[in-house]
Amino acid sequence: MNTEPTPERRVAGRLDTAPPPSSITARWIWWAPFVLVAVDALGEIMIPRRLAAGFLLIGVPVFAALTRSARTVALFIVVALGLELLFAWRFDHLGEVHHIGLYVSTVVLGTVSIELSRQRQRDARNVIQARSVSEALQMMLLKPVPATLGPVHAAGFYAAGDPRTLVGGDLYDMVETRFGVRVVIGDVRGKGLGAIRHVGTVLSSFRDAAFDVPDLADLADHMERRLVREAHEVGDTELFVTALFLEFPADRAEVRIVGRGHPAPILVRHGKAEKIRVHPGIPLGLGTLADTRTQATSQPLAPGDVLVLHTDGVSEARDGHGVFYPTEERLTTRFWGRSTVDPAAVVAFLREDLTEYAVEAEDDVAVIALARGA
């Protein structure tokens, strides 16, 4: 028999047992029911008999509904109604008309508060389910960067610009083929569900063609044609994807690079970071605008070299003065003089440094660091 609690019970349990929130406003709302009960009790003791402080208790279930489960709200209703009856009996007002109205109002508002609490819990369940779907989509589209793939050591991270989602318009992948380890990183124009669909199209096309198309430039052209077909299907004449393709041949200490409108890779050698000069290319989807076919660039790799690939969420991050993130300068400052650099160290540094540098993250960020093994 399956004893694992359902998502609904897990959510309800967390709402019932969760500690007070960290923010000042949320913490005040969490404690509000207790504050009202305490203020009302003090008022009944200290205020003259002609003032009925018990009317404060009518708000207890309403505040409770903002942070607690329906069951707990019902308990607060019982507490509030019990105190109202106790205070009214204490001063011999138990059967007075305005006190009866108080009891009825507490029950009515309490009943509404129970439903509000249930609705809040339903919304919380929907959020958890939506995030679970988003997590599954991220795992399907953006697989974790492997630490080692063939002769290549790698590390990477991805962060969606919208904190409410886990997947955006940036993409990456790396596969080991008979032609060597092949890598793609790119950025889809646009945001939202449409961009996610195009991310899936580009990645599925890459994962299929990377194993069959011998030439790296031909691989880019193959994905270009697939994207053009999708643009016609969705009626988007402005659909394009900036992309960068890399190939690490198994028998040569070099990397071949094809750029299609994407930021060039950065080579970190002996601690100095410089962009690699890559033959310019038109973004995928706009290939008809090019007069010539994109050429591949060959870059020799020495032991200890690290290639850094990134999307424009890195290069276009701004500080409080509007200054763009100086990627090469920051990498050089951090790793200057080192004969060898670990890809994981590069990724960890960029992740932390970007967080401290950028005022706010408005765009997706993808970073991959690659090094060829000995």
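Start with helix H7, residues 216-234, in this predicted model. With 19 residues at 1.5 Å each, H7 should span 27 Å, and its end C-alpha atoms do sit 27 Å apart, so expectation and model agree. The buried residues of H7 are Leu 216, Ala 217, Leu 219, Ala 220, Met 223, Glu 224, Leu 227, Glu 230 and Ala 231. Look down the helix axis and these buried residues fall within an arc of 145°, so they line one face of H7. That fits the general pattern: an α-helix has 3.6 residues a turn, so residues three or four places apart point the same way. On the face turned away from the buried side, H7 carries the exposed residues His 232 and Glu 233.

What about the ends of H7? At the N-terminal end, Asp 215 acts as a cap, with a side-chain oxygen 3.0 Å from the backbone nitrogen of Ala 217. After the helix comes Gly 235, whose phi is positive, near 70°.

Next up is strand E5, residues 241-248, where eight of eight residues are buried. Both of its faces are covered: Val 241, Ala 243, Phe 245 and Glu 247 are buried on one side, and Thr 242, Leu 244, Leu 246 and Phe 248 on the other. E5 pairs with strand E4 (residues 180-188) in the antiparallel sense over eight bridges. It also pairs with strand E6 (residues 254-260), again antiparallel, over four bridges. Leu 246 has a bridge partner in each neighbor: Val 183 and, in E6, Ile 257. E5 and E6 form a hairpin, with five residues between them.

Now for the charged side chains. Side chains of opposite charge can pair when their charged atoms come close. The model has twelve salt bridges, including these:

| Salt bridge | Closest N to O |
|---|---|
| Arg 260 and Glu 224 | 2.7 Å |
| Arg 252 and Glu 254 | 3.0 Å |
| Asp 353 and Arg 330 | 2.8 Å |

Arg 260 in E6 and Glu 224 in H7 are 36 residues apart, so their salt bridge links distant parts of the chain. Both Arg 260 and Glu 224 are buried.

Are the partners in the Arg 252 pair buried or exposed? Arg 252 is partly exposed, at 38% relative accessible area, whereas Glu 254 is buried, at 16%.

Asp 353 lies in helix H10 (residues 343-357) and Arg 330 in helix H9 (residues 327-335), so their pair ties together parts 23 residues apart in sequence. Asp 353 counts as buried at 9% relative accessibility, while Arg 330 is partly exposed at 27%. Finally, Arg 182, Glu 247 and Arg 256 are joined into one network by salt bridges that share partners.

Terms used. Residues are numbered from 1 along each chain as its sequence is written. This is a predicted model: local features need pLDDT of at least 70, side-chain atom pairs count only at pLDDT 80 or more; totals for chains, interfaces and linings use all residues. Side-chain values use heavy atoms; hydrogens and water are left out. Helices (H or I, at least four residues) and strands (E, at least two) are DSSP runs, numbered from the N terminus. The expected span of a helix is 1.5 Å times one less than its number of residues. Buried means under 20% relative accessible area, exposed over 50%, partly exposed in between (1.4 Å probe, protein chains only). The arc is that of the directions from the helix axis to the C-beta atoms. A polar contact is a pair of N or O atoms within 3.5 Å; within protein, one must be able to donate a hydrogen and the other to accept it, and residues adjacent in sequence count only if both atoms are side-chain atoms. Two strands pair if DSSP finds at least two bridges between them. A salt bridge is a side-chain nitrogen of Lys or Arg within 4 Å of a carboxyl oxygen of Asp or Glu.
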